[in-house]
Amino acid sequence: TWHLKKIPQIVSKRTFSLDTPKFEAQTKLELNSVCGIECQRKLPVPSLSDLKDLLSYETVFENGTRTLTEVNVLGLVHNPAGNTTTQRSSRKKRQVYGTDSRFSIYDRRFMTNFPFNTAVKISTGCSGILVSPKHVLTAAHCLHNGKDYVKGSKRLRVGLMKMKSRGDGRKRKGAKRNGMPSFQWTRVKSTHIPKGWFKGVSGDVAMDYDYAVLELKRPHKRKYMELGISPTIKMMPGSMIHFSGFDNDRSGQLVYRFCSISDESNDLFYQYCDAEPGSTGSGVYLRLKEPNKKKWKRKIIAVYSGHQWVDVNGEQQDYNVAVRITPLKYAQICFWIHGNDENCARG
C-alpha cells in the first residue's frame, strides 16, 4: 500500500545570476569511479547545512542564461541509521544478465497508452518520464557532466512517441512493422539540477543527486505518472520495479523491463535490470494499492541512473543503479513542478 508521509519543506531563500555555461561537455551515458555500495556504507549522514547546500539548484533557461537558487529545508526528520545497505555478493561485468529479459513494445495500443506513453526520449540520448502536464524527470548526467553542461543541452528537446496517421501509412509500413515510432519533439523552456550533482562525478555523494527536471515550452496533453516516496525493499511486492526507455541497441523502440532490487542504501537502489545506454533517465515505478481503496496505482519511486563502474576493494566492478525518491527529493522535485511548497506537504 502507498502510505502518505509528511514531507519536509524546500523553500527558496534567494536566487543569483550565474555566467552562461559553455555547453561543451561530451554526453557520457556510463559513469566511472563513483561511490559504490561499500563506499555508501561509510558515508556520514549529511548535516542540515550540508543538505541546504546539496539541494540548492541551478536553473538553465533556453536562451542559455543560468541562475543558482539557495534553499532552506524545514521540518526535516533525520534518519540516525545512516547509509545502511544489506549484504550482497559482487558480480562480474555485464549489462544484460543471462537471458535478455527486455520487452520491445510494438503494439500501438500499448505504446500510446498509460503507463508506456509516459516514457520520453531526451535529445542528448537519454530517456525520461512525464511527471506533470509540462515537466519531465530524467538523470542529471544526461545534461551535465559535473563540470559543464553537455553539447546539445542548450537547445534541449523532448521526444514524445507518436503513431503515424493512416494518411502516411504506405511509406511507413515497414517502420511500423518493425516497431519504429515517430517522435513529436518539444523544446525545453528550463532545466533544474540539484547542486549536489555539481560536487563532481567522482565525489562521494554526487550519484545520490543524479536527477533533473525539464520544463517544456508547451503542455504535452497526455497522461503523466505521479511521484511517490520510495519504500524500502521489504515493502515492495516481490521487491519488483519496472521502467521503460529507449535503449541504444534497439534504435527507435520503446523497451520495457521489470526485475527485483538486490540491495539499497538511503539514496540508491542496486538492481539487475537488463538495460543498455539510452535507457538512462527512465522513471522507475511501482504498482501499489491506494490507502483504504481497492484501486492499484503506479507511481515513480526512482530515476534509473544507468550502468555504473565503481572501485570496490581496489577492483573495478559494475552494477545498475537507480536514484531513490526520498522525502527530501520528493519535496524538491514537487517544488520545481509547482513553484511553491503548498502542493507538496504530503506524498
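Trainee: Let me start with a single residue: is Ser127 buried or exposed?

Mentor: Ser127 is buried, because its relative accessible area is 0%, and buried means under 20%. Bear in mind that we are reading a predicted model. The residue sits in strand 7, which covers residues 127–130.

Trainee: Which backbone oxygen lies 2.7 Å from a polar atom of the Ser127 side chain?

Mentor: That is the backbone oxygen of Gly278. Gly278 also appears in the contact list of Ser127, once neighbours within four places in sequence are left aside. Other entries in that list include Ser279, Thr280, Gly281 and Ser282. Among the remaining partners are Val120, Lys121, Ile122, Thr138, Gly245 and Phe246.

Trainee: How should I read the chain as a whole? How many helices and strands are there?

Mentor: The protein chain has five helices and 17 strands. Of its 347 residues, 54% count as buried. The chain exposes about 16,100 Å², with carbon and sulfur atoms supplying 48% of that area.

Trainee: And among contacts between residues at least 6 apart in sequence, what share joins residues at least 24 apart?

Mentor: The share is 75%. Ile325 gives you one residue to look at with sequence separation in mind: Ile325 and Asp208 are 117 residues apart in sequence, yet their C-alpha atoms are 9.8 Å apart in space.

Trainee: Where does Ile325 lie?

Mentor: In the loop between strand 17 (315–324) and helix 5. With a relative accessible area of 2%, Ile325 is therefore buried. Not counting residues up to four places away in sequence, Ile325 touches Leu137, Leu227, Gly228, Ile229 and Ser230, among others. Its partners also include Ile300, Ile301, Ala302 and Tyr330.

Trainee: Now for empty space. What is the general idea behind finding it?

Mentor: Rolling a probe the size of a water molecule over the atoms shows where empty space is left. In this model, six cavities of 30 Å³ or more are counted.

Trainee: What is the volume of the largest cavity, and which residues line it?

Mentor: Its volume is about 50 Å³. The lining consists of Val60, Phe61, Glu62, Ser153, Lys154, Leu156, Val188, Lys189, Ser190 and Thr191. Strand 3 (57–61) and strand 10 (182–194) are the elements that each give two or more residues to this lining. Strand 10 gives the most, with four residues. By class, the largest cavity is lined by four nonpolar, three polar and three charged residues.

Trainee: Ser153 is in that lining. Where does Ser153 sit in the chain?

Mentor: Look in the loop between strand 8 (135–138) and strand 9 (157–162). Ser153 counts as buried because its relative accessibility is 8%. The Ser153 side chain reaches the backbone oxygen of Val150 at 2.6 Å. Leaving out residues up to four places away in sequence, Ser153 touches Phe23, Thr124 and Leu143.

Trainee: Let me follow Phe23. What is notable about its phi?

Mentor: Phe23 has a positive phi of about 55°, although it is not a glycine. It is found in the loop between strand 1 (9–18) and strand 2 (31–34). A relative accessible area of 9% is why Phe23 is classed as buried.

Trainee: Then compare Lys221: buried or exposed?

Mentor: Lys221 counts as exposed because its relative accessibility is 80%, and exposed means over 50%. Its phi is near 60°, again a positive value in a residue other than glycine. Lys221 lies in the loop between strand 11 (212–216) and strand 12 (240–245).

Trainee: One last feature, the second largest pocket. What is its volume?

Mentor: About 270 Å³. Of the 16 residues that line this pocket, Val131, Glu226, Leu227, Tyr330 and His338 are the closest to its centre. Leu227 and Tyr330 you have already met, since both touch Ile325.

Trainee: Which element gives the largest share of that lining, and how does the lining divide by class?

Mentor: Helix 5 (residues 327–338) gives the largest share, with four residues. By class, the lining of the second largest pocket has nine nonpolar, four polar and three charged residues.

Definitions and conventions:
Residues numbered from 1 in each chain as written. Predicted model: local features only at pLDDT ≥ 70, side-chain atom pairs only at ≥ 80, totals over all residues. Heavy atoms only, no water. 1 Å grid on protein atoms, 1.4 Å probe; cavity = no way out; pocket = protein on both sides within 12 Å on 5 of 7 lines; lining within 4 Å. Points joined across faces, edges and corners; volume = space filled by probe spheres on them. Nonpolar A, V, L, I, M, F, W, Y, C, P; charged D, E, K, R; others polar. Buried < 20%, exposed > 50% of the residue type's maximum accessible area, 1.4 Å probe, protein only. Contact = heavy atoms within 4.5 Å. Areas by Shrake-Rupley, 256 points an atom, 1.4 Å probe, with all protein chains shown as cover. Polar contact = N/O pair within 3.5 Å; in protein donor to acceptor, adjacent residues only side chain to side chain.
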